[in-house]
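User: I'd like to go through this model with you, a few strands and helices at a time. Can you take my questions as they come?

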Amino acid sequence: MAGGWCFRILRCLSSTSSSSYSVRHFHSGYYFRLFNSNKLLLSTCKGSHNLSCNGIKNKAIRSCFLFHSTSITLKSNSLDEQSKSDIQCPFAPPLAAQPPPFSVRYDKIDAYSAIEIALDSVVKIFTVSSSPSYFLPWQNKSQRESMGSGFVIPGKRVLTNAHVVADQTFVLVRKHGSPTKYRAEVQAVGHECDLAILVVESEEFWDGMNFLELGDVPFLQEAVAVVGYPQGGDNISVTKGVVSRVEPTQYVHGATQLMAIQIDAAINPGNSGGPAIMGNKVAGVAFQNLAGAENIGYIIPVPVIKHFLADVEENGKYIGFCSLGLSCQPTENLQLRQHFRMQPEMNGVLVSKINPLSDAYRILKKDDIILAFDGVPIANDGTVHFRNRERITFDHLVSMKKSNEMAVVKVLREGEQHEFSISLWPLQPLVPVHQFDKLPSYFIFAGLVFIPLTQPYLHEYGEDWYNTSPRRLCERALRELPKKAGEQLVILSQVLMDDINLGYERLAELQVKKVNGMEIENLKHLCQLVQSCSEESLRFDLDDDRVIVLNYNSGKIATERILKRHRIPSVMSNDLINEHNYPEAELAPLAKSSSVSCSSSPLSLSSSSLYSS
């Protein structure tokens, strides 16, 4: 139409200055609205292209639009200044970036376009990894090979999933259309968010490669294309789907709750690390699927990716996602709210437990009501407004904070409102959830094998480890909080049989509490107490009031022959040797016939069926 312009209803018409208009995309599956003095002027049926002008009461504004079946036309220079200021957009998502400005090109990116974009960006990753036996922490299991996907980002880096390269000993990458595999090194890895950065030194690899740009969090029902190298073939593959859900989800690899996007595109083993493309930008990284369900896959959204990249760029390594250190209870029950003197207009969650290692421990109290986080009101079910009519748990706001950043928390305490500034940082559990890319710690004396309790150790009891592992250890691993930094639960994992420890073999799988009457803090502390023993006897106090007593000098002699019998390379793991800074001469009496150094191969946990590798 001469003197005007047409646009498709893809997102929304936003408010602008009096001198110009800006048209923005809005998916047709959402309501399109124009407001005049907070009254509804124009709306569409959800999921329909049919437009109606019946809701427009202002004839001057209504006459400025021409209505068609799939578009509307705004007549150029047809609105006066007052009418221009009356056009507003109610969809300004507070936690997501605004959609990009309108451009002449508004055709959708299909699977063919996604392939063209990805051909010079997506790579296939070949990984060789090795994992230790947590029952025998001085030796590794046989190495295994796996494949995944990745894509190039600015700075000559390759972004992929952490589980693709977890416990790697050797990594190769291959670009599309090339028979050559290039050596890659892991620059940074974040197992919590399941992301990793690879670097390739070969300049030949980078010839013709293009990087992909990160986009925004997609809206529901927006189309995405997942590109990668899944099992079943060797060439690049593209699967299409739409966004089904955006909410915090359990990341299987890191066992953490972070924002994730659920899509109905197939994500199979090998897809992990590949980009999910929307338009010509990356909407997320494919990383896991739901076992037992059809076409339910998950991608890591851009806010999580940017947080990981910012960590690496600002600190030189991955730091982690922040936590308030709180365990909270919903306040949906009316009597509960009345008991804690909440007014009818108040909403919030009840603090039930506080991690002693958090900054909140010195400020907040049990039974406080958290009303708002950084000015964002918290509902009684613990959610906050996300965008449109979507809600998300307020933990997402916490996790997006940078380490040591301050947050303002509004609290109701004994009927009075307070505002506190709390510093946030990543918190480590008492019992580590994962132990990737590091060797397990151990210490052996007289055939007694001491280790810190970790969940990977419990996983060695099989897929049904929750029911088959020692019940008491399992409960402590999942529920207990650390009382101070560096604390560990040290257990006697097994007894390597010898004359000196005869009769103690049934005391395995118990927690060690004291050495010669002194409470132990961690495995390093236990090792120090044993090495510095000046008494004739060495006493270990265990759970259930069990006691082990050994002659110290006889124990040192027995340790040598036990290590030799079981072909154990060292009396302790490398991390303890380095912390103690023991010279080889001091270790010789304990392991004369053994090499001091342990295998340097990294470890890995077995892959879960929930995520692709």
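User: Which residue in β17 does Ala225 stand opposite?

Analyst: Quick background first: this is a predicted model, where local features need pLDDT of at least 70, side-chain atom pairs count only at pLDDT 80 or more, and totals for chains, interfaces and linings use all residues. Residues are numbered from 1 along each chain as its sequence is written, and side-chain values use heavy atoms, with hydrogens and water left out. Strand β16 (residues 223-228) and strand β17 (residues 237-251) pair antiparallel over six bridges; strands are DSSP runs (E, at least two residues; helices are H or I, at least four), numbered from the N terminus, and pairing takes at least two DSSP bridges between two strands. Opposite Ala225 in β17 stands Lys240.

User: In what order do the six strands of the barrel close?

Analyst: The pairing in this barrel is antiparallel. Neighbouring strands of the sheet are turned by 50° against each other on average, direction ignored (axes are lines fitted to C-alpha atoms, for helices over the stretch in contact, with angles from 0 to 180 degrees between N-to-C directions). The order is β16-β17-β18-β21-β20-β19.

User: At about what angle to β21 does helix α6 run?

Analyst: Helix α6 (residues 302-315) lies across β17, β18, β20 and β21. Its angle to β21 is about 45°.

User: Are the residues of β11 buried or exposed?

Analyst: Strand β11 (residues 157-160) has Arg157 and Leu159 on one side, Val158 and Thr160 on the other, and both faces are covered. By the cut-offs, under 20% relative accessible area is buried, over 50% exposed, and in between partly exposed (1.4 Å probe, protein chains only). So these four residues are all buried.

User: Which residue is the bridge partner of Phe151 in β11?

Analyst: Strand β10 (residues 144-153) runs antiparallel to β11, joined by three bridges. The two form a hairpin with three residues between them, and Gly155 in the turn has a positive phi of about 95°. Phe151's partner in β11 is Leu159.

User: Why do the buried residues of α11 sit on the same side?

Analyst: In helix α11 (residues 471-479), the buried residues are Leu473, Cys474, Arg476 and Ala477. They end up on the same side of α11 because the arc they cover around the axis, taken from the directions from the helix axis to the C-beta atoms, is only 165°.

Key
Contact = heavy atoms within 4.5 Å.
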